[in-house]
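Got a minute to go through a protein model together? Let's see how its labels are earned.

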Amino acid sequence: MDTIAAIATGAARGAIGILRLSGEDAFDALNAVFTPASGKPLASCPPQALVYGTLHDREGRVIDQCLATYSRAPRSYTGEDTAELQCHGSPAVLQAGLDALFSQGVRQAGPGEFTRRAFLNGKLDLIQAEAVVDLIDAQTQAAARNAAGQLSGAMSRKIFAIYDKLVDLMAHFHVVLDYPDEDIDPFELEEITHTADSAAEELNRLLATFRRGHQLTQGIPCALIGRPNAGKSTLFNALLGYDRAIVTDVPGTTRDTLEETVTLGGVLLRLIDTAGLRDTEDAVERIGVERSREALERAELILVLQDSSAPMTGEDAALLAEADGRAKVLRVRTKSDLPGAPDSGCGLTLPTVELSAKTGAGLAELEAAVAELFPLGGLSENGELLTNARQAQAAERARDALLRVSGALAAGMTPDAVLTDVEEAMTALGEITGTTLREDVTSRIFERFCVGK
């Protein structure tokens, strides 16, 4: 393959900026733009060692004092010769260094091209490659630990173990069929049934983790609902730490839903600030109320806000009753900094938090209540949580194909016909790891990556 290069760090200024290369000419390109301060040839320095020296632009002028390292194939991230320059994090310096590399015949890397080369060269399977993106995008420590576990191969080992069982089954069948006179254990229908059923059960257990894994990476939809002026937007801003929603004393200020992510109690939430739920003749506000009800439908956590400075109304009780049973619910009595009305209760057994988003009092209690509703202690953080929708769909197809096997055998179908379902399951499992995935689908997956990774 040709040699690629990219800036592997962000576009903003920073303390460190990294230039990355991969390909058969990576070492020569590095050697052309970098001079070790020791005066020794770069080739005399051991691979993976950090070497201090000078970076030159395409005209040979000094642009930085930096560190360089190189790795020889196949002992590298991509499986090719690779190199990195660790520069000061000036965008101007990094661009000048990249231009110098381009002058040596190196080309710009595309999105995810380094990781794609690692996949194509057998350094990573597709589960591990997609875990790279999940690790970069992780917004909580639990999500980062799960992605790191997948990158180390925890999920891959599960899928390959199931795949190997099916390979053994198919191999036994074909050996018995092709060599009937050999002393080989006979092929029993019970073997097919047992192997297919046990593999389907393993996939079922894996699929059962997907909802929690999806929550871990994408966040739990959390709707803030209540009557107008209950303090929804004030709490929304307080949880975000900045003024995202407009807050006024005029009821009905919020006309549309606003959505942002925030980590609360170690749980990633997709907060949805909604318009106050009430009957209104205002056409624009009515649309906002409809969207609020849509948010209520898809929420997995609902915070029902009530103004604690005013008596509880029938509308408040109706909102609580509407929310209860749809998802997990927290009753939040807001404006605790104001003189309060007695809490008459709501007739429902719901956890209740009193807080003032204005002063911050009670926010810690809200955080603790959310953590109790979504405890992280039950999470497997070793990479065995299924978080990827593409992988989940393929696992579901494999599971369904294996579940058809027992029924087909019971209906009197011959083993050779039944084993086509096993082959279909193997193909679906291969899509998860990337061994049977089409080139166009693989390309689309790596387009999700940033340039330089």
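Below is a string of questions and answers about this structure.

Q: What kind of model is this, and how are residues numbered?
A: This is a predicted model, where local features need pLDDT of at least 70 and side-chain atom pairs count only at pLDDT 80 or more, while totals for chains, interfaces and linings use all residues. Residues are numbered from 1 along each chain as its sequence is written, and side-chain values use heavy atoms, with hydrogens and water left out.

Q: What makes something a helix or a strand here, and how many of each does the protein have?
A: Both are DSSP runs numbered from the N terminus: helices are H or I with at least four residues, strands are E with at least two. The protein comes to 15 helices and 13 strands.

Q: Why is V329 called buried?
A: Buried means under 20% relative accessible area, exposed means over 50%, and partly exposed is in between (1.4 Å probe, protein chains only). V329 has 5% relative accessibility, so it counts as buried. Across the protein, buried residues make up 47% of the 453 residues.

Q: What does V329 touch, and how do you know that it counts as contact?
A: Contact means heavy atoms within 4.5 Å. Leaving aside neighbours within four places in sequence, V329, which sits in strand β12 (residues 328-334), is in contact with I302, V304, A323, D324, L350, P351 and L373. I302 is 27 residues away in sequence, yet its C-alpha is 4.8 Å from that of V329.

Q: Why is S76 called buried?
A: Its relative accessible area is 11%, which is under the 20% limit, so S76 is buried. S76 belongs to the loop between β5 and β6, and it touches S71, T82 and K123, not counting residues up to four places away in sequence.

Q: What makes the bond between A73 and P74 a cis peptide bond?
A: Omega is about 0° there. Most peptide bonds are trans. P74 lies in the loop between β5 (62-71) and β6 (82-89).

Q: What is there to notice about phi in Q48 and N229?
A: Most residues other than glycine have a negative phi. Q48 has a positive phi, near 70°, and N229 has a positive phi of about 70°. Q48 is in the loop between β3 (34-36) and β4 (51-56), while N229 is in the loop between β8 (220-226) and α9 (232-240).

Q: Why are Q48 and N229 called partly exposed?
A: Q48 has a relative accessible area of 45% and N229 has 31%. Both values fall between 20% and 50%, so both residues are partly exposed.

Q: How do you know that the buried residues of α15 are on the same side?
A: In helix α15 (residues 439-446), the buried residues are T442, I445 and F446. They cover an arc of only 90° around the axis (judged by the directions from the helix axis to the C-beta atoms), so they share the same side of α15. These buried residues pack against α3 (113-120), α4 (126-137) and α13 (389-410).

Q: What makes a group of residues a nonpolar core?
A: A nonpolar core is a set of buried Ala, Val, Leu, Ile, Met, Phe, Trp, Tyr and Cys residues joined through side-chain atoms within 4.5 Å. The largest one has 33 residues, and L166, L402, V422 and L429 have the most contacts inside it. Helix α13 gives the most to this core, with nine residues.
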